[in-house]
Amino acid sequence: MVATHIEGSSRRRVGRCVIGEVAMGMQPGWRWCARCSSLAYSGFGDGICVHDSAHDFGGSGEYFVSMVDVPEGSQPGWRWCNRCQCLCYSGFGDGDWCAAGGPHNFEGSGPYSVPLGAIPPSSQDGWRWCCTCLCLVYGESGGTCPSGGAHDFSRSGAYSVATAMPPPELRPSITVDRNSGMLRVDGEGFTPNARVNIRYYNDHKNLDLPTTANEIGRIAHNTGYRRAEGSCTVFARDETTGRTAIGSAGTWVPDNFPYDPVPIDQGTAFGEPDPRYE
Ligand SMILES: [Zn+2]
Ligand SMILES: [Zn+2]
Ligand SMILES: [Zn+2]
């Protein structure tokens with residue numbers, strides 16, 4: 001059992017290694033062909049287009065297609081044809097209309113997925129599936145179907161294709177220390193140059209100290225401190241993504257943390273509950 005388990009996990013790791021060269025499971029190197037309007041992989045040359053010509057990638061920017069990972073809102077079942085190099089939907093078989101003649105050949109293809117319905121950030125919409133040649137085709141540019149006529153988009157949903165690699169997902173983290181008379185929050189993984197709210201929570205009260213992440217998404221915030229009532233939790237919320245890192249200030253709070261109880265003759269400035277966080 002142990003041997004089987006090790007073999008299984010090492011095989012999986014090898015699989016991830018190959019994929020691991022591309023961030024977030026997105027494969028670069030896809031291009032739009034001006035002749036057939038299909039999305040084709042350019043990493044092995046120009047491939048085979050209609051009328052025994054090569055694809056024409058001259059007018060295309062780079063496109064990125066999800067491999068292995070199936071992001072939310074994406075349709076799995078897409079494959080790369082090792083003959084025409086196009087991205088094809090494999091759910092209805094190999095088809096009859098590879099530009100290289102006969103059916104497509106999906107041997108050697110990774111499992112691809114394509115956003116359907118939703119348009120993710122940095123993606124181009126207007127892509128359609130041709131139910132004749134099974135290829136993913138940019139609908140507005142028409143193009144010649146390998147079957148000889150126009151592509152048939154009558155059975156297609158609305159697809160889109162990524163035009164940029166998505167940024168790595170930010171996972172903020174913080175450490176809290178006392179240093180040279182200051183309570184210090186250091187953090188990373190925040191949205192660069194964006195607002196971060198540092199919230200100290202102790203004894204049912206909050207103190208919010210907003211700060212700004214630097215150009216590489218780090219924060220460094222200092223404040224004076226005093227003893228807490230029990231322990232103090234620190235939340236650092238990235239106001240752009242809503243992701244929050246949590247740390248502990250031990251038994252210390254910032255020196256301007258609200259005291260209680262509030263004497264009646266001093267008003268309620270420190271004792272008012274904050275309705276936003278109740
Ligand atoms: Zn082509
Ligand atoms: Zn093909
Ligand atoms: Zn077609």
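This tour passes through a predicted model, one selection at a time.

**Whole chain**

Begin with the entire protein in a cartoon representation, coloured by pLDDT. The average pLDDT is 86, and 85% of the residues score at least 70. The secondary structure comprises one helix and 18 strands. Of the 278 residues, 31% count as buried. Among contacts with a separation of 6 or more, 60% are made by residues 24 or more positions apart.

**Low-confidence stretches**

Select residues 1-23. Throughout this stretch pLDDT stays under 50, and the model shows seven contacts for these residues beyond four places in sequence. Then select residues 263-271, where the pLDDT is likewise below 50. That stretch also has seven contacts in the model beyond near neighbours in sequence. Where pLDDT is low, the predicted coordinates should not be read in detail. Both selections may be hidden for the remaining stops.

**Strands β3, β4, β5 and β6**

Display residues 63-67, which form strand β3, together with residues 112-115, which form strand β6. These two strands pair in the antiparallel sense over two bridges. Which residue of β6 stands opposite S66? The residue is S113.

Add strand β4, residues 74-80, which pairs with β6 in the antiparallel sense over four bridges. At S74 the bridge partner in β6 is P115. Now centre on W78, which stands opposite Y112 in β6. W78 also stands opposite Y89 in β5, so that residue is a useful pivot for the next selection.Strand β5, residues 87-89, is joined to β4 by three bridges, and the two strands run antiparallel. The hairpin of β4 and β5 has six residues between the strands. Within this hairpin, select Q85, which takes a positive phi near 75°.

**F64 in strand β3**

Return to strand β3 and show F64, which is found there. Is F64 buried or exposed? F64 is buried, because 22 other C-beta atoms lie within 10 Å. Leaving aside neighbours within four places in sequence, F64 is in contact with M26, Q27, P28, W30, A162 and M165. Draw a distance between the C-alpha atoms of F64 and M165: these residues are 101 residues apart in sequence and 6.7 Å apart in space.

**V65 and the nonpolar cores**

In a regular strand the side chains alternate between the two faces of the sheet. With this in mind, move along to V65 and show its surroundings. Beyond its neighbours within four places in sequence, V65 is in contact with Q27, W30, L87, Y112, V114 and V161. Q27 and W30 are also among the contacts of F64.

Next, widen the view to the core to which V65 belongs. The largest nonpolar core has 40 residues, and those with the most contacts inside it are L39, V65, L87, C135 and L136. Strand β3 gives the most to this core, with four residues. A second, separate core has 18 residues. To locate this second core, select V176, Y200, I219 and C232, which are included in it.

**The three-stranded sheet**

Select strands β10, β11 and β14. They form an open sheet in the order β10-β11-β14, with antiparallel pairing. Strands β10 (173-179) and β14 (219-223) stand at the edges; each has a single partner strand, so one side of each is left without a neighbour in the sheet. Viewed across the sheet, neighbouring strands are turned by 15° against each other on average, direction ignored.

For a detailed view, keep β11, residues 182-188, and β14, which pair in the antiparallel sense over five bridges. Where does D186 find its bridge partner in β14? The partner is A220.

**The four-stranded sheet**

The last stop is the open sheet of four strands, in the order β13-β12-β16-β17, where the pairing is antiparallel. Its edge strands are β13 (205-212) and β17 (244-248), and each of these pairs on one side only. From one strand to the next, the twist averages 20°.

Finish with strand β16, residues 233-238, and its partner β17. Five bridges join these two strands, which run antiparallel. Select F235 and I246 to end the tour: F235 stands opposite I246 in β17.

Definitions and conventions
Residues are numbered from 1 along each chain as its sequence is written. Chains are lettered from A and ligands numbered from 1 in the order in which they are written. This is a predicted model: local features need pLDDT of at least 70, side-chain atom pairs count only at pLDDT 80 or more; totals for chains, interfaces and linings use all residues. Two strands pair if DSSP finds at least two bridges between them. A nonpolar core is a set of buried Ala, Val, Leu, Ile, Met, Phe, Trp, Tyr and Cys residues joined through C-beta atoms within 7 Å. A residue is buried if 20 or more other C-beta atoms lie within 10 Å of its own, exposed if 12 or fewer, and partly exposed in between; C-beta atoms are placed from the backbone. Two residues are in contact if their C-beta atoms, placed from the backbone, lie within 7 Å. Axes are lines fitted to C-alpha atoms, for helices over the stretch in contact, and angles run from 0 to 180 degrees between N-to-C directions. pLDDT is the predictor's confidence in each residue, from 0 to 100.
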